[in-house]
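Colleague: I am new to this one and would like to go through it slowly. Could you show me the structure, so that I can ask about the terms as we go along?

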Amino acid sequence: MFIIFYYTYIEIGKHLYFSALGTNHRCFQGDSLWGQHCDCAEHDLPKDRAISRLQEELYRLQEKKQPPKSSLSTIFVITPTYARLVQKAELTRLSQTFLHVPQLHWILVEDSPRKTPLVSNFLMKSGLTYTHLNVPTAKERKLQEGDPSWLKPRGVEQRNEGLRWLREDRKTEPGDNGQQGVVYFADDDNTYSLQLFEEMRSTQRVSVWPVGLVGGMKFESPVVEGGKVVRFHTGWRPSRPFPMDMAGFAVSLRLVLANPDACFDGEAPMGFLESSLLKGLVTADELEPKADNCTKVLVWHTRTEKPKMKREEALQVQGLGSDPAVEV
């Protein structure tokens, strides 16, 4: 009769953790499986605690292999935001994505005449490096109730305020390091893969990639041939200078600083807002395709459904509405 044992092991430093299927792990010390039994107390721990200890040690060793954060280019993310029922939910989801991105500086710009307590308190508890700004949208540029979202460009003043702050702030940074970085415009209702941020980190001028679920299509994208962008896959006015979504490009901070007049034009025709900035920074031939030559979708133009508040409104009429002191 033959008995077959299945073994698993994890090697960390000079410790080899060795277990047979269905048995508690054992720890050996030395360079081989048959090394001397270790006198550590790990093998006396319950299995779940022992596994947790091993995972913690493995993560610690993996982190040592990562480049120091200071050696990474900073990604400056400019996000316009405005007060609505889903604002905190959107910002929570977005911030918890950003927490996984090293060397990220979030520039959150409120469409408001003043900084609101909700956003101020949220940012203080976020754990992120951030700058909190505010500027209201001009009344004539605001969408009215019932207007379609495409009628007027949104977030123009807020994105331009983020660019203004960057140009002012980076002036005070000594040496060449003050100009290292990447600028990205991330709306608070989109969905972002972590891989996207690592793709954009090496941007030299303007980098580009596909955006999913946008423009009435599965995705819009630059089309790349021989490493160059030659045209754009889009369903609406492909003749635009840069027929791309706001989420589909990032700009070198150095390029932003070298072109102080480059900004978004609030009077741009529908669909030309992105082009109004990019045409002052780069030509189509200079675009840098990312995401495996623009064949992978790493960002999605998602939108949260506007909550229906009919029952809430009915209860408020009866004086039984939700407690206004509870922040949602």
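Modeller: Happy to. Let me begin with a term: helices are DSSP runs of H or I with at least four residues, strands are runs of E with at least two, and both are numbered from the N terminus. Please keep in mind that this is a predicted model.

Colleague: Thanks. Where does Asp 189 sit in those terms?

Modeller: Asp 189 lies in the loop between strand 8 (182-185) and strand 9 (191-192). UniProt, in an unreviewed entry, gives this position the feature "binding site". Such an annotation may be inferred rather than shown by experiment.

Colleague: Why is Asp 189 called buried?

Modeller: Buried means under 20% relative accessible area. Asp 189 has 15%, so Asp 189 is buried. Leaving aside residues up to four places away in sequence, Asp 189 touches Glu 90, Arg 93, Thr 302 and Arg 303.

Colleague: And what makes Thr 79 a buried residue?

Modeller: The relative accessibility of Thr 79 is 0%, so Thr 79 counts as buried. Thr 79 belongs to strand 5 (residues 75-81). With residues up to four places away in sequence left out, the contacts of Thr 79 include Leu 94, Trp 106, Ile 107 and Asp 188.

Colleague: Which residue carries the annotation "active site"?

Modeller: In UniProt, again in an unreviewed entry, the annotation "active site" covers Glu 274. Glu 274 is part of helix 7 (residues 273-278).

Colleague: How do you know whether Glu 274 is buried or exposed?

Modeller: By the value: Glu 274 has a relative accessible area of 10%, and therefore it is buried. Glu 274 touches Met 244, Asp 245, Met 246, Phe 249 and Phe 264, not counting residues up to four places away in sequence.

Colleague: How many cavities of 30 Å³ or more are there?

Modeller: The count comes to one cavity of that volume or more. The largest cavity holds about 50 Å³ of space.

Colleague: How do you know that there is empty space at all?

Modeller: Rolling a probe the size of a water molecule over the atoms shows where empty space is left. A space is called a cavity because a 1.4 Å probe fits there but cannot get out.

Colleague: Which residues line the largest cavity?

Modeller: Among them are Trp 209, Val 211, Phe 232, Met 244 and Asp 245. Met 244 and Asp 245 also appear among the contacts of Glu 274. Strand 12 (residues 217-225) gives the largest share of the lining, three residues. By class, the lining has six nonpolar, two polar and two charged residues.

Colleague: What makes the pair Arg 201 and Glu 198 a salt bridge?

Modeller: A salt bridge needs a side-chain nitrogen of Lys or Arg within 4 Å of a carboxyl oxygen of Asp or Glu. For Arg 201 and Glu 198 the N to O distance is 2.9 Å, so the pair qualifies. By this rule the count comes to 11 salt bridges.

Colleague: Are the two partners, Arg 201 and Glu 198, buried or exposed, and what sets the label?

Modeller: Arg 201 has a relative accessible area of 8%, so Arg 201 is buried. Glu 198 has 41% and is therefore partly exposed, since that label covers values between 20% and 50%.

Colleague: What are the values for Arg 231 and Glu 225, which also meet in a salt bridge?

Modeller: Their side chains meet at 3.1 Å, N to O. Arg 231 is at 46% relative accessibility and so counts as partly exposed. Glu 225, with 45%, is partly exposed too.

Colleague: How far apart are the closest N and O atoms of Asp 169 and Arg 170?

Modeller: They are 2.7 Å apart, in a salt bridge. Arg 170 counts as buried because its relative accessibility is 15%.

Colleague: One last residue: why is Leu 99 called partly exposed?

Modeller: Leu 99 is at 45% relative accessibility, so it counts as partly exposed. Leu 99 sits in the loop between helix 2 (87-98) and strand 6. Leu 99 and Thr 129 are 30 residues apart in sequence, and their C-alpha atoms are 9.5 Å apart in space. Apart from residues up to four places away in sequence, Leu 99 touches Ser 126, Gly 127 and Leu 128.

How values were computed:
Residues numbered from 1 in each chain as written. Predicted model: local features only at pLDDT ≥ 70, side-chain atom pairs only at ≥ 80, totals over all residues. Heavy atoms only, no water. Buried < 20%, exposed > 50% of the residue type's maximum accessible area, 1.4 Å probe, protein only. Contact = heavy atoms within 4.5 Å. 1 Å grid on protein atoms, 1.4 Å probe; cavity = no way out; pocket = protein on both sides within 12 Å on 5 of 7 lines; lining within 4 Å. Points joined across faces, edges and corners; volume = space filled by probe spheres on them. Nonpolar A, V, L, I, M, F, W, Y, C, P; charged D, E, K, R; others polar.
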